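Here's a walk through one protein model, with an eye on its surface, its hollow spaces and a few backbone quirks. Have a look at the structure first, and then we'll go through it piece by piece.

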Amino acid sequence: MLRKIFHGAAGLLKSLLGLDKSPQEIIEQRWKTCESCKSYKSWLCQECGCIIHHKIRVLSEECPLGKWKK
């Protein structure tokens, strides 16, 4: 649980600071995948708890269900 919180906070910080930024094309592909996923609810991934808007913008992030990779 603590590991998930730390990982999520680090990803959020990277997104907010514009570090490890995904190219726009990858952001759009990830968004389409997440938006149609059953685990997507109210801007959150129900699998990992991340805010999708930020998670898709960090190049080194990946989907916990394996739907998109780093």
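Let's begin with Q24, keeping in mind that this is a predicted model. Q24 has a relative accessibility of 48%, so it counts as partly exposed, a class that runs up to 50%. You'll find Q24 in helix α2, which covers residues 24-35. Its distant partner in sequence is L59: 35 residues separate Q24 from L59 along the chain, yet their C-alpha atoms are 11 Å apart in space.

Next, helix α1. It runs over residues 2-17, and its 16 residues should span 22 Å because each one adds 1.5 Å along the helix, counting one less than the number of residues. The C-alpha atoms at its two ends are 23 Å apart, in agreement with that figure. Right after α1 comes G18, with a positive phi of about 75°.

That brings us to the backbone angles. As a rule, most residues other than glycine have a negative phi. Which residues other than glycine go positive here? D20 is one of them, with a phi near 55°, and W43 is another, at about 70°. D20 sits in the loop that links α1 and α2, while W43 belongs to the loop between β1 (40-41) and β2.

Here is how some of the residues in this tour compare for exposure:

| Residue | Relative accessible area | Class |
|---|---|---|
| D20 | 32% | partly exposed |
| I51 | 38% | partly exposed |
| W43 | 45% | partly exposed |
| K55 | 8% | buried |
| E61 | 6% | buried |

W43 turns up again on the surface. Together with L12, L16, L44 and I51, W43 makes a nonpolar patch of about 450 Å². Why can I51 be part of such a patch? Patch members need over 30% relative accessible area, and I51 has 38%, so it clears that bar. I51 is found in the loop that leads from β2 (44-45) to α3 (52-55). W43, at 45%, clears the cut-off of over 30% too.

Now for the open spaces. How much space lies in the largest pocket? It holds about 500 Å³. Its lining takes in 22 residues, and the ones closest to the centre are H7, G8, C48, C50 and K55. Two elements, α1 and α3, each give two or more residues to this lining. Helix α1 gives the most, with 8 residues.

There's an enclosed space as well: the count is 1 cavity of 30 Å³ or more. The largest cavity has about 80 Å³ of space. Its lining is made by C34, C37, S39, Y40, C45, I52, K55, C63, P64, L65 and W68. So K55 shows up in both linings, for the pocket and for the cavity.

K55 has one more role to point out. How many salt bridges does a search of the whole structure find? It finds 1, and the pair is K55 with E61, whose closest N and O atoms are 3.2 Å apart. Are the two partners buried or exposed? E61 is buried because its relative accessible area of 6% is under 20%. K55 is buried as well, since its 8% also falls under 20%.

Key. Residues numbered from 1 in each chain as written. Predicted model: local features only at pLDDT ≥ 70, side-chain atom pairs only at ≥ 80, totals over all residues. Heavy atoms only, no water. Patch = residues over 30% accessible without salt bridge, like charges linked within 9 Å, V, L, I, M, F, W, Y side chains within 5 Å. Areas by Shrake-Rupley, 256 points an atom, 1.4 Å probe, with all protein chains shown as cover. Salt bridge = Lys/Arg side-chain N within 4 Å of Asp/Glu carboxyl O. Helix = DSSP H or I, 4+ residues; strand = E, 2+ residues; numbered from the N terminus. Buried < 20%, exposed > 50% of the residue type's maximum accessible area, 1.4 Å probe, protein only. 1 Å grid on protein atoms, 1.4 Å probe; cavity = no way out; pocket = protein on both sides within 12 Å on 5 of 7 lines; lining within 4 Å. Points joined across faces, edges and corners; volume = space filled by probe spheres on them.
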